[in-house]
Every structure is written in C-alpha cells, then in structure tokens.
Amino acid sequence: VTTATTAPDAPAAAAAAAPDLGRLSRALARLLRIPEPQMPSCLVAAGEPDLDGIVRMRREVLGDEITWDDQRYLRWRYRLDGAPVEAIGGGGEASRLWLFKHGAEIKGCLGAEEVAVAAGGGQIRALRFMDLMVLPRLNGIGIGAWMNLRLLERVEVGISIGGSDQSIGMIGRLFHRMPDRLIWSLPVHTGPFLAARWPWTRRLPAASRLLDMGLAARRLVTRTRTRAHARGRGRAPLEVIETPEPDPSIAALCDTMAARAGLVLVPRTAARWRWRYLENPRRRYRLFAARSGGRTVAALAAREKGEVAELVDWLWDGALDEPDARGVLVGLLGTAIERLAAGGASRVRALTYDALSADVCRQLGMFPRGGRAAYAVRARPAAREAELTAGPWFVTLGDSDGD
Amino acid sequence: MSTPPTKTTSKRELFQWLANVFQEDLAGMSETRTRSSIPNWDSMGTLLLIAELDERLAVTLTEDDLKGFVSVGDIVALLEQKQITIEDQ
C-alpha cells in the first residue's frame, strides 16, 4: 500500500510519497461507474456554460451561507467569461475553477491560482488550490483528493490551504503540512461579545463601554510608545492614510520582504490588489498606506463583514530593521483597527504566519483564537520542497480563498 | 499488492491491510474501531480502501456501501455479505 506520510525518522522537509494516481483513478472510476479511460477528461476548466450547474452545486453545499450574487462572484473570481489573466492582475492560464464533470453533472470543483513564489532569491511558478467542493451525496469518497492529484501532476509546486477537518486530513496526505497559521481576534466593541457569552451583561451597557475604553486606551498607549521609540531613533514621523487605489509601491515592498527580510511569499502587485480587493463584487475592502520620509513603507487591505472586520493583507519595507518594521506595522495595523472600529466593526480578525506580524498583533492586544488554519506545500524535487517548507513564510488572509 | 485476488482472507490479514491503508498500528485495529477514531479514514482513506478491496479481493464497492461504513466491523460485515470468507486466524 502506498502511503503519503514520511517515515517518523525522515527529515522534516522530505517529500511525501504521492499516492498512486492511476490506482486511485481506477478505484474512483469503478465507484462512480465511469469507464476508466474517460477519467482524465472528467477534469475540465469551468466556462460560462457551466455557471448554472456550479451555482446549483454550491447552493447544495453552502446553502444559506451564500448571501451574495454567486454568479457574478464566480464569473469574476475564476474568469468564467473568458477574461484574460491580465484582468486578474496577472498569473497564469491555470488560474481557473476546475470541475469534476461527467456527462452533464458537475460532481465537484476545485479552484486554482497560478502564482509565483519568491524564495531564495528567485521565483518559482506554483498552483495554489482553494474552494474545494463536492456534491454532498459524493462527499468523502475521494473526488477532492483525485482532483488535487491530477492538478498537482501539472506543476512542480502546489500550495494548499485547508479549513474543514476533512480537507485538512486530505491536505496532510497529499502535501507537506506546515505549522498551522495563527488566527487573531480583537473585540473593539465588547458588548456583543460579552452578551453572546453572558447574556446578563446586556443589563450593564456601561460596563462594556468602560471595557471598550480601556482596550482603546491600551492600543493608544502602544501606538504612542512605538511613535516615541521611532522618534528616539531619529526616524521621520509615520503617516497612515486611507487610499482609494492600491499604492504603486506594493510590488517593490514585496521585493524587499523577499530579498532583504528573507521571507518566502507569493508576491503581490498593485494590479492584483486592485482586482482582488477593489473590483471584488462580494465584499467591500478598504486600503491603507503608511508613509514616512516621503515614501510608502507599508500597505494594508482590510474588509468589512458586518460586525466583523478583517486585516486581510499587509506588506512592509523589508529593508527596515526589525524595530523600525515593528513600529511601522503597529502604526499601520493599529490605525486601521481604530478606523474599522469607528466604521461599526465590533471585532477585528487577522491571520499571521511570520513572527513579526504575530508579535505586532499581540502588541495591539489581539489574542490568538482557536481553530485550525492549515497551510501546506508540495514540490518536486525533494530538495525544492525542503527549501520551500523551511520558510520562513509570509502568509495572510489575502493568501486564502475567503472574501 | 503482488498478492493475486482471492475470495478468502483472514481477519489478521484484513486488519493488516486496513492498518496500512489508514496508517494505524495493527495492534489497535479491531472490529470495534469506529471511523471517527481513525484520523486517516477520510476521503483519501476511503479511496485507498476502495482500491485495496478491489485489488485484494475483487470486491467493487458502491456509494451505498460506503454510507454504511461507520466502523471496521461494518467493513467485515459487508465483505461477508459479498461472499468473502473471513477466517478468524
């Protein structure tokens, strides 16, 4: 039996043995009563004519969770209207929604984004997988695993993110599972948070207001101290502004994070941010930039989801030394939190993978929340997988399939 | 995998296959083990199980068969239903 895990004494970053795709194809073909030679043609890139079927399947899987115009969203997200990759800020032709389709029935789908990974001074093409969905009656029989394996055959590097217990298990078998990402949460208006846990606190609105003021004062002290520390080091003052357009220096910031700070990341560009955040038909995003000494030193994208706001994606000048970078991020994320709170958010969330961002979240009073947020990489050859999994990675909510 | 398909097996042999498929210790494998207690009995594990039973015993499972699988005992019962002789040793 071919297994997907490394031996206990194998190096941590050794490539996991992939399950035999031919063997699994045979098994799945028998189960679904599909002639085995037809299996390869069951994986197709979705197009406009598939849209109704995809939406039907997503409604069956997600039900009432869909509160947006899903047709419009899918058309935009996966270029179902045949838009060129330039329309989504670049990438590659494999950036599509892939379907498991036999006859007219769509049995499952898997989103993919063709991206670059900046690592070790170079860039490597990779496929990032997301949005895995299978018809409920066919759930748990391996259609998702098969789709992942088929697509992995096409690339040297695959990146997977996993949310549900089931997808996390499957990811662990097909990819090199890396440490989970950290999810952070900060109650900025504690009333709803307290009332959900202790309903009697509704009778004490003054108490939650007092608590809110205490938390806000703590954040203010943190930001003030950080500013004073920067002044003491002779740094120019930091100005954080909300911007209607992505800052043009986004790609340059990514370059410094990879080249100077040594982070492994999927580079962002202003064009990509514009498509992903400003043209997003499902969610409203807000963009911020931190400027100092006449230049942009950090940028951030945030989104509002009812009472919850999320710090989705941020970048900073990787050439800054650690104390300066920390100061810039505290200023940027802290200011964004206050603006989001003023806009009505009662809670602010973030996701981190790198040590500096995690420290900044902690400094701003956010606390790590439970829940699994898997991250996994698979690469050929084994040496490349070892290099990529060694990291250190920079990952945010902007690298996930959420909106 | 080189073993030719057969219609007879032993519980020990079956448990060994299942232990391999689900990456569990043979010692912990028994009819009372539930699916929820076996972390790797997920979609990939199910697909590997289908392949294993097909290659080892020429048993083809159906979607309905899979829905009834909540424990190792269910696999044993289904194989017996499909005329597979499972010896105790």
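A pocket, as I use the word here, is an open set of grid points with protein on both sides within 12 Å along at least five of seven lines, and its volume is the space filled by probe spheres set on those points. Please keep in mind that what we are looking at is a predicted model.

With that in hand, let me start with the second largest pocket, which has a volume of about 570 Å³. Of the 30 residues that line this pocket, the closest to its centre are A:Thr226, A:Ala230, A:Leu238, A:Gly327 and A:Val328. Helices α7 and α10 and strands β8 (238–243) and β10 (295–305) of chain A each supply at least two residues of the lining, and the largest share, 10 residues, comes from α7(A). By class, the lining of the second largest pocket is made up of 11 nonpolar, eight polar and 11 charged residues.

Helix α10 (residues 322–342) of chain A brings us to the largest nonpolar core, to which this helix gives the most, with 10 residues. That core has 157 residues, and the members that touch the most others are A:Phe100, A:Leu311, A:Trp316 and A:Trp393. For A:Trp316, the contacts beyond four places in sequence include A:Ala325 and A:Leu329, and also A:Leu253, A:Met257, A:Val297 and A:Phe394.

A:Phe100 also appears among the contacts of a lysine, A:Lys107, which lies in strand β3 (residues 105–119) of chain A. Is A:Lys107 buried or exposed? Its relative accessibility is 9%, so A:Lys107 counts as buried. Leaving out residues up to four places away in sequence, A:Lys107 touches, among others, A:Leu32, A:Ile34, A:Met57, A:His102, A:Val134, A:Arg137 and A:Ile143.

Let me return to α7, residues 205–232, which together with β7 (182–187) is included in what covers the buried residues of α6(A). Those buried residues of helix α6, residues 190–197, are A:Thr190, A:Leu194 and A:Ala195. Seen down the axis of α6(A), they fall within an arc of 125 degrees, so they line one face of the helix. In α7 itself we find A:Ala216, which counts as partly exposed because its relative accessibility is 27%.

Turning to enclosed space, a search of the whole structure finds one cavity of 30 Å³ or more, and the largest cavity has a volume of about 40 Å³. Its lining consists of A:Arg77, A:Tyr78, A:Arg79, A:Ile88, A:Ser95, A:Arg96, A:Ala112, A:Glu113 and A:Trp275, which by class gives four nonpolar, one polar and four charged residues.

One of these lining residues leads to my last topic, the backbone. Most residues other than glycine have a negative phi, and most peptide bonds are trans. A:Arg79, however, has a positive phi, near 55 degrees; this arginine is found in the loop between α3 (70–77) and β2 (97–102) and, at 3% relative accessibility, counts as buried. A:Asp131, likewise not a glycine, has a positive phi of about 55 degrees, but its place is in strand β4 (residues 122–134), and with a relative accessible area of 14% A:Asp131 is also buried.

As for the peptide bonds, the one from A:Arg380 to A:Pro381 is cis, with omega near -5 degrees, and A:Pro381 sits in the loop between β14 (374–379) and α12 (382–390). A cis bond also joins A:Gly391 and A:Pro392, where omega is about 0 degrees, and A:Pro392 lies in the segment after α12.

Notes: Residues are numbered from 1 along each chain as its sequence is written. Chains are lettered from A and ligands numbered from 1 in the order in which they are written. This is a predicted model: local features need pLDDT of at least 70, side-chain atom pairs count only at pLDDT 80 or more; totals for chains, interfaces and linings use all residues. Side-chain values use heavy atoms; hydrogens and water are left out. Buried means under 20% relative accessible area, exposed over 50%, partly exposed in between (1.4 Å probe, protein chains only). Helices (H or I, at least four residues) and strands (E, at least two) are DSSP runs, numbered from the N terminus. The arc is that of the directions from the helix axis to the C-beta atoms. Contact means heavy atoms within 4.5 Å. A nonpolar core is a set of buried Ala, Val, Leu, Ile, Met, Phe, Trp, Tyr and Cys residues joined through side-chain atoms within 4.5 Å. On a 1 Å grid over the protein atoms alone, a cavity is a set of points where a 1.4 Å probe fits but cannot get out, and a pocket is an open set with protein on both sides within 12 Å along at least five of seven lines; lining residues have an atom within 4 Å of a point. Ala, Val, Leu, Ile, Met, Phe, Trp, Tyr, Cys and Pro count as nonpolar, Asp, Glu, Lys and Arg as charged, and the others, Gly among them, as polar.
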